[in-house]
Amino acid sequence: MLRPFRLLVLGALALFVYAAFFAVPDNKPDADAFDADAVANYELEMWKAAKVHSEFSIFLNSTMMLRDLNRMTWYRAAQEGYSASRALNGFVFLTAKYERVMPDLEDALDVEKTVKQLTFDTPAVARTQLDWLVSARLKNSDDNETGHLASLMAEEYGARFHLRPDQVYAATAPRAEAYKTWILGGPDPDYTTIGKLLVESYRNLKLILQRVRAPRPTAVP
């Protein structure tokens with residue numbers, strides 16, 4: 001027979017395991033409940049780490065970013081973060097054969113698809129994601145190409161957040177500019193500007209998701 005003290009210890013351990021691996025952040029599963037500034041900072045640190053091939057830092061920041069942004073458990077965030085960080089770490093120094101990162105992009109998207117119970121075509125969305133990853137690197141860095149990059153991102157966001165691409169363009173436009181600045185910025189890009197653009201992007205995304213969730217006013221008879 002277990003003594004009361006042992007039962008309390010086991011109960012506390014079970015609670016810790018649940019909180020550590022299976023509870024969503026702040027017990028708020030709503031899509032717009034993420035901390036926009038924190039998510040932007042995690043992505044900034046992830047990009048910084050990718051420039052120097054710091055694999056653990058990429059994984060750590062990717063996991064924290066995805067947990068907060070997608071309201072995931074640590075377990076699911078680590079699953080997606082592992083594949084997403086492998087894709088980024090593999091991509092950043094590639095100059096050809098970009099298809100190599102497709103399996104990792106698809107694995108990451110499959111985790112998110114399962115958690116959010118979405119129905120998008122994983123290979124198609126991964127292809128769109130790879131297209132914008134490569135786009136800024138291969139094309140001229142002008143306003144039109146930034147708009148093209150933002151449109152590709154909007155297609156990906158539309159699938160991931162179950163919205164139309166035009167609904168999320170205000171969020172992808174500054175992120176596209178941040179990405180272009182980062183990928184074309186050599187070993188020491190302008191991280192101050194990149195950070196500001198990422199904050200703008202995720203604040204816009206939060207506002208977009210809040211508007212989508214906001215109940216419509218009841219018509220007055």
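1. In this predicted model, Trp47, Trp132, Tyr179 and Trp182 come together as one aromatic cluster. The structure as a whole holds 6 aromatic pairs, and two of the pairs within the cluster are described in the next points.

2. Tryptophan 47 and tryptophan 182 make a stacked pair, with ring centres 5.2 Å apart and an angle of 25° between the planes. Because tryptophan 47 belongs to helix H2 (residues 36–51) and tryptophan 182 to helix H8 (residues 165–183), this pair ties together parts that are 135 residues apart in sequence. Both partners are buried: tryptophan 47 has a relative accessible area of 3%, and tryptophan 182 has one of 0%.

3. Tryptophan 132 and tyrosine 179 form a pair that is edge-to-face, at 5.1 Å centre to centre and with 90° between the planes. Here the partners come from helix H6 (residues 122–138), which holds tryptophan 132, and from helix H8, which holds tyrosine 179, so the contact ties together parts that are 47 residues apart in sequence. Tryptophan 132 is buried at a relative accessible area of 3%, and tyrosine 179 also counts as buried, at 1% relative accessibility.

4. Two lysines place their charged ends over aromatic rings, and one of these contacts involves a member of the cluster. The charged end of lysine 51 sits over the ring of tryptophan 182, at 5.2 Å from its centre, while that of lysine 113 sits over the ring of phenylalanine 120, at 5.7 Å from its centre.

5. As to the fold, the protein chain contains 9 helices and 0 strands, which, read along the sequence, gives the pattern α-α-α-α-α-α-α-α-α. Of its 221 residues, 44% count as buried.

6. The enclosed space deserves a careful look, since the structure holds 2 cavities of 30 Å³ or more. The largest cavity contains about 350 Å³ of space, and its lining consists of 26 residues, with Glu43, Met46, Ala84, Gln129 and Arg175 lying nearest its centre. That lining divides into 18 nonpolar, 2 polar and 6 charged residues.

7. Which elements supply at least two residues each to the lining of the largest cavity? They are H2, H3, helix H4 (74–91), H5, H6, helix H7 (143–160) and H8. Among the contributors, H4 gives the most, with 5 residues.

8. The largest pocket should be considered separately from the cavities. About 260 Å³ of space lies in the largest pocket, which is lined by 14 residues, and of these Ala31, Lys116, Arg160, Phe161 and Leu209 lie nearest its centre. The elements that give two or more residues to this lining are helix H3 (55–70) and helix H9 (191–213), and H9 gives the most, with 3 residues. By class, the lining of the largest pocket divides into 8 nonpolar, 2 polar and 4 charged residues.

9. Helix H5 (residues 102–116) can be checked against ideal geometry: its 15 residues reach 21 Å from the first C-alpha to the last, close to the 21 Å expected at 1.5 Å a residue. Its buried residues are Met102, Asp104, Leu105, Ala108, Leu109, Val111 and Glu112, a list in which the charged side chains Asp104 and Glu112 appear beside nonpolar ones. In reading such a list it helps to recall that an α-helix has 3.6 residues a turn, so residues three or four places apart point the same way.

10. The backbone has two positions that a reviewer may wish to inspect. Arginine 71, although not a glycine, has a positive phi of about 55°; its place is in the loop between H3 and H4, and it is buried, with a relative accessible area of 4%. Glutamine 117, likewise not a glycine, has a positive phi of about 55°, and this residue follows H5, in the loop between H5 and H6.

11. Is glutamine 117 buried or exposed? At 70% relative accessibility, glutamine 117 counts as exposed, because the cut-off for that class is over 50%. Arginine 71, by contrast, is buried at 4%, a value that falls under the 20% limit for buried residues.

Key
Residues are numbered from 1 along each chain as its sequence is written. This is a predicted model: local features need pLDDT of at least 70, side-chain atom pairs count only at pLDDT 80 or more; totals for chains, interfaces and linings use all residues. Side-chain values use heavy atoms; hydrogens and water are left out. On a 1 Å grid over the protein atoms alone, a cavity is a set of points where a 1.4 Å probe fits but cannot get out, and a pocket is an open set with protein on both sides within 12 Å along at least five of seven lines; lining residues have an atom within 4 Å of a point. Grid points are joined across faces, edges and corners, and a volume is the space filled by probe spheres set on the points. Helices (H or I, at least four residues) and strands (E, at least two) are DSSP runs, numbered from the N terminus. The expected span of a helix is 1.5 Å times one less than its number of residues. Buried means under 20% relative accessible area, exposed over 50%, partly exposed in between (1.4 Å probe, protein chains only). Rings of Phe, Tyr and Trp (its six-membered ring) pair if their centres lie within 6.5 Å; planes under 30 degrees apart count as stacked, over 60 as edge-to-face and the rest as tilted. A charge sits over a ring if NZ of Lys or CZ of Arg is within 6 Å of the ring centre and within 35 degrees of the ring normal.
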